[in-house]
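Visitor: I am new to this structure and should like to learn how its descriptive terms are justified. Would you show it to me and begin with its contacts?

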Amino acid sequence: MEIKGIGASPGIAIGKALVLEHKEMVIEKKENVNVEVEVEKLNSAVDISKKELSAVKEKVAKELGEEEAEIFGAHLLVLEDPEFIGEAENKIKNESLNAEYALNEVKDMFVSIFESMDNDYMRERAADVKDVTNRVLRHILGIKIIDLSNLSDEVVLIAHDLTPSDTATMDKKKVLGFLTNIGGRTSHTAIMSRTLEIPAIVGLSDVTDKVKDSDMIVFDGDKGIVIVSPEEDVVAEYQEKKRIFEEDKKALELLKGQPSVTTDKKHVELAGNIGTPNDLEGLINNDAEGVGLYRTEFLYMDSDEFPSEEIQFEAYKKVLEGMKGKPVVIRTLDIGGDKKLSYFEMEEEMNPFLGYRAIRLCLDRTDIFKTQLRALFRASVYGKLRIMFPMISSLEELLAAKAICEEVKSDLKAEGLGYSDDVEIGMMIEIPSAAVISDLLAKHVDFFSIGTNDLIQYTCAVDRMNQKISYLYNQFNPAVLRLIKMVIKNAHAEGKWVGMCGESAGDQMMIPILLGFGLDEFSMSPISILRARRLINSVSEKDMQALSDKVLEFGTAKEIESYMKDFIARR
Ligand code: PEP
Ligand code: MG
């Protein structure tokens with residue numbers, strides 16, 4: 001069986017599947033239980049299920065229409081029916097039974113009553129009762145969690161999605177690859193798989209249903225193709241592909257220590273993106289010339305409370321010291337959208353990607369922002385720090401963020417705490433309004449870093465996580481390319497440098513265009529650095545300028561993409 005998804009991290013994986021979400025539930029009968037504890041278990045599982053159902057209902061109504069959302073409304077009604085949940089509660093109390101067993105019994109009773117009715121409508125209610133009760137039962141039982149930090153065999157992980165804590169704790173030596181149902185090239189699982197240098201394919205829709213534990217899997221993380229239970233000759237073919245991939249990796253090693261320079265001597269900086277100080281190893285191994293993006297939100301996401309100034313200081317210091325004077329761009333907190341903190345309640349929003357997030361949140365909660373800035377400035381004496389603000393959409397925001405930096409510096413000075421005077425202050429360009437006024441913004445920053453992951457999403461009004469419209473999410477969209485060109489030109493006019501830390505910076509088909517536009521710094525998943533250097537070493541800036549002019553003559557992303565595909569294939 002062949003399944004197609006989105007190639008997220010290059011490399012070939014050959015191994016046995018481990019499916020992270022198991023669906024079967026084991027319901028045991030336990031007697032003489034602590035009744036209060038069991039009632040509480042039931043009620044909290046019902047509450048969580050209600051919340052989930054309301055959210056699903058709202059989403060489905062919005063995306064597919066009210067009628068399709070009805071089913072979830074019916075599920076909610078089951079949970080709100082005192083006769084149903086009340087019956088389960090009585091059973092726990094009267095018979096001292098465990099919550100899951102009591103609920104399952106009540107489910108069976110209702111289902112058989114509904115099913116025996118001579119009425120289609122009522123028979124359909126039986127299916128609702130089954131579905132909704134299974135949801136509650138799963139919560140009572142807790143989702144089965146496989147301890148990824150302690151795997152006995154090498155596996156290909158199959159999951160709906162992986163959380164940052166899954167990827168942070170997993171035993172990387174045992175994980176041959178990841179396959180997930182959801183996600184796109186710029187989703188966090190995809191980015192993480194590249195950082196860990198583990199082959200991965202995302203956006204496979206229902207791979208968790210199609211694959212069973214221990215099924216043999218082969219896949220190509222570049223092409224996005226998975227083969228389940230392959231024939232022997234296919235396994236042999238993939239073994240050969242793996243050999244070629246490893247050989248190329250060895251050839252790339254020879255580029256370590258070499259300059260990132262075009263044939264006509266244009267130097268660029270090839271930096272790496274990291275999520276935690278632990279990612280430094282991969283970055284240094286791949287000969288990064290700096291850190292172009294340290295996504296500090298992982299420090300917040302992997303914690304049970306806001307990380308203290310001290311904890312943050314240690315993390316930033318570690319990265320700055322680890323880079324031994326090479327530049328390090330640290331981005332201030334970028335949560336919101338799809339990135340949530342378990343300990344910080346955010347109001348439900350209709351459009352979280354357009355909502356209260358990143359710099360907007362930091363300018364509102366200056367206590368959170370100042371703690372981070374204090375840690376950053378204190379750490380600045382240990383290396384070459386560049387601070388960058390995410391999601392700036394206006395000059396007002398940039399000036400406000402800079403003013404808070406000044407306040408923090410004067411507080412530190414008053415307290416006798418040192419900081420470097422050479423900290424560069426920059427901002428991300430990931431919102432079209434910022435790109436459009438980049439001439440004005442450039443006067444107030446030391447640098448820009450273009451975040452194409454979001455810039456594409458906001459320019460084209462296409463959710464970067466939504467597979468259904470992923471065909472619209474295209475880095476070659478002429479509108480996106482024009483914005484990038486304009487930003488670089490505007491920054492250069494003010495004598496400022498421009499980097500890019502979105503995934504396009506490491507893309508072989510984008511790099512030639514970006515060189516032509518005059519991009520100064522490319523920051524990417526460390527795994528892409530040496531391949532990028534090989535490409536840059538093989539072209540001239542002059543030719544790439546001509547190429548980028550040519551590319552802008554096309555009216556569609558498709559034409560640009562196929563032009564660039566040809567260009568790379570000819571090399
Ligand atoms: C971007 O938007 O391009 C970016 C680098 O930020 P993130 O992927 O963390 O949103
Ligand atoms: Mg972004």
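Guide: Leaving aside neighbours within four places in sequence, I513 is in contact with F476, L481, L547, S548, V551, I560 and M564; contact means heavy atoms within 4.5 Å. Apart from the largest nonpolar core lies another core, of 28 residues, among them A88, V106, F110 and V111. This is a predicted model, in which local features need pLDDT of at least 70 and side-chain atom pairs count only at pLDDT 80 or more, while totals for chains, interfaces and linings use all residues. Residues are numbered from 1 along each chain as its sequence is written, chains are lettered from A and ligands numbered from 1 in the order in which they are written, and side-chain values use heavy atoms, without hydrogens and water.

Visitor: What makes E430 and D454 donors of the magnesium ion (ligand 2)?

Guide: Donors are N, O and S atoms within 2.8 Å of the metal (3.2 Å for Na, K and Ca), and with water not among the atoms, sites may look incomplete. E430 (OE) and D454 (OD) lie 2.0 to 2.2 Å from the magnesium ion, so they are its protein donors. The pair stands 24 residues apart, with D454 in helix α18 (residues 452–459); a helix is a DSSP run of H or I with at least four residues, a strand a run of E with at least two, both numbered from the N terminus.

Visitor: Why is E430 called buried?

Guide: Buried means under 20% relative accessible area, exposed over 50%, and partly exposed in between (1.4 Å probe, protein chains only). E430 has a relative accessible area of 2%, so it is buried. D454, at 4%, therefore counts as buried also.

Visitor: How do you know that strand β7 (residues 216–220) is largely enclosed?

Guide: Four of its five residues are buried, so the rest of the structure largely encloses β7.

Visitor: What makes β3 (residues 12–19) and β7 a pair?

Guide: Two strands pair if DSSP finds at least two bridges between them. Five bridges join β3 to β7, so these antiparallel strands meet the criterion. K16 stands opposite M216 in β7.

Visitor: Which residues are covered by the annotation "active site"?

Guide: The unreviewed UniProt entry gives H188 and C501; such annotations may be inferred rather than shown by experiment. They span 314 residues in sequence, yet no two of their C-alpha atoms are more than 13.9 Å apart, so they gather at one spot.

Visitor: Why is C501 called buried?

Guide: Its relative accessible area is 1%, so C501 is buried. H188, at 14% relative accessibility, also counts as buried.

Technical notes. Core = buried A, V, L, I, M, F, W, Y, C linked by side-chain atoms within 4.5 Å.
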